[in-house]
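Thanks for coming. I will go through one structure today, starting with its pockets and then moving to the sheet and the cores. Please have a look at it first.

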Amino acid sequence: MSMSENVRLAAGDVELTITPANGCRLAGLRVAGAELLRQGERYGCFPMVPWCGRTDRGVFLNGATRHRLPLNAPPHAIHGTGRDTAWRTARADGTEAVFTYDLADPWPYTGRVTQTVELTDSSLTLRLGVETYDDSFPAQAGWHPWFNRTVHGSEVALDFAPAWQEERGDDHLPTGRRVDPRPGPWDDCFGMPDGVSATLTWPGVLELEVASRSPWVVVYDEQEAAVCVEPQSGPPNGLNTHPRLVTPIDPLEVATTWTWRRL
């Protein structure tokens, strides 16, 4: 197997396809023949790393040092560099796989990102780790799944109970104010201090829970085709507002588990 070949994992009637060459995204997750992820090279489920969501005008500080990132969603920089990178398959066997890439330009620091994937017939666990071998730097990590709104003719219902919603400004960034959760449609960040828990139900087909010990989740359901439930280590623009330093002795680690049952 070449380092960039697609990786297929299977457990029972569940099949997962990962495309290391296309941002190490999950290109497909089929449960009993039902495809749960929106198809297409920009979709599936991609890792957001080393930042999540929008970074304000592409600028962040590390101490007194100011860095500028390419504006790939003008006027902001969005979703990190991992989704635009070819990752290397470190290991893949049956139900588990490990992938890595080395941080490089346009990210201003060196380091390594690792994604591990573990599949069973009723769950999927994803982990991201961000390490530095040199200077410390702020970072974030998370996932951006595009769940199909309709599966086998059944339209999804989303259930979650956040403690608050990050108020969103006209620039699409959190203002810093926390407000009571508002009705959707959303392109918004929510706080769940006991950990992310959100249930997607396709009546008569499948119920799937997205869980993470992280307290942050972005929900995006403004498009007809899909609903995105994105567990992440910090809020949008968090490189500036909630910096989490990755140091040589303290990597950033985040995980999510999706658990499903057939209805």
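The lining of the largest pocket divides into ten nonpolar, seven polar and twelve charged residues. Before I go on, note that this is a predicted model.

That pocket has a volume of about 520 Å³. It is lined by 29 residues, and the ones nearest its centre are R54, I78, H79, H144 and W146. Which elements give two or more residues to this lining? They are β20, at 164-168, β22, at 187-191, β25, at 216-220, and β26, at 226-232.

Next, the second largest pocket. Its volume is about 190 Å³. By class, the lining here has three nonpolar, five polar and three charged residues. On the list are T125 and R127, then A211, S212, R213 and S214, and finally E253, V254, A255, T256 and T257. Three strands each supply at least two residues of this lining: β13 (123-131), β24 (206-212) and β28 (252-262). Of the elements, β28 gives the most, with five residues.

Those three strands bring us to the sheet. Where do β13, β24 and β28 sit in the strand order? The sheet is open, has eight strands and runs β10-β11-β12-β13-β28-β24-β23-β19, so β28 stands between β13 and β24. The pairing is antiparallel. As a reminder, strands of a sheet pair through backbone hydrogen bonds, either parallel or antiparallel.

Now the edges. β10 (88-93) and β19 (157-160) each have a single partner strand, so each has one side without a neighbour in the sheet. From one strand to the next, the twist averages 15 degrees.

At the β19 edge, the partner is β23, residues 196-202, and the two pair in the antiparallel sense over four bridges. Within that pairing, F160 stands opposite A198 in β23.

Last, the nonpolar cores. How many residues does the largest one have? It has 62, and V130, W258 and W260 are those with the most contacts inside it. Apart from that core lies another, of eight residues, including Y43, M48, C52 and C228.

To recap the two pockets: the largest has a volume of about 520 Å³, with twelve charged residues in its lining. The second largest has about 190 Å³, with three charged residues in its lining, and β28 is the element that gives the most residues there.

That is what I have. I will take questions now.

Notes: Residues numbered from 1 in each chain as written. Predicted model: local features only at pLDDT ≥ 70, side-chain atom pairs only at ≥ 80, totals over all residues. Heavy atoms only, no water. Pairing = 2+ DSSP bridges. Axes fitted to C-alpha atoms, helices over the stretch in contact; angles between N-to-C directions. Core = buried A, V, L, I, M, F, W, Y, C linked by side-chain atoms within 4.5 Å. Buried < 20%, exposed > 50% of the residue type's maximum accessible area, 1.4 Å probe, protein only. 1 Å grid on protein atoms, 1.4 Å probe; cavity = no way out; pocket = protein on both sides within 12 Å on 5 of 7 lines; lining within 4 Å. Points joined across faces, edges and corners; volume = space filled by probe spheres on them. Nonpolar A, V, L, I, M, F, W, Y, C, P; charged D, E, K, R; others polar.
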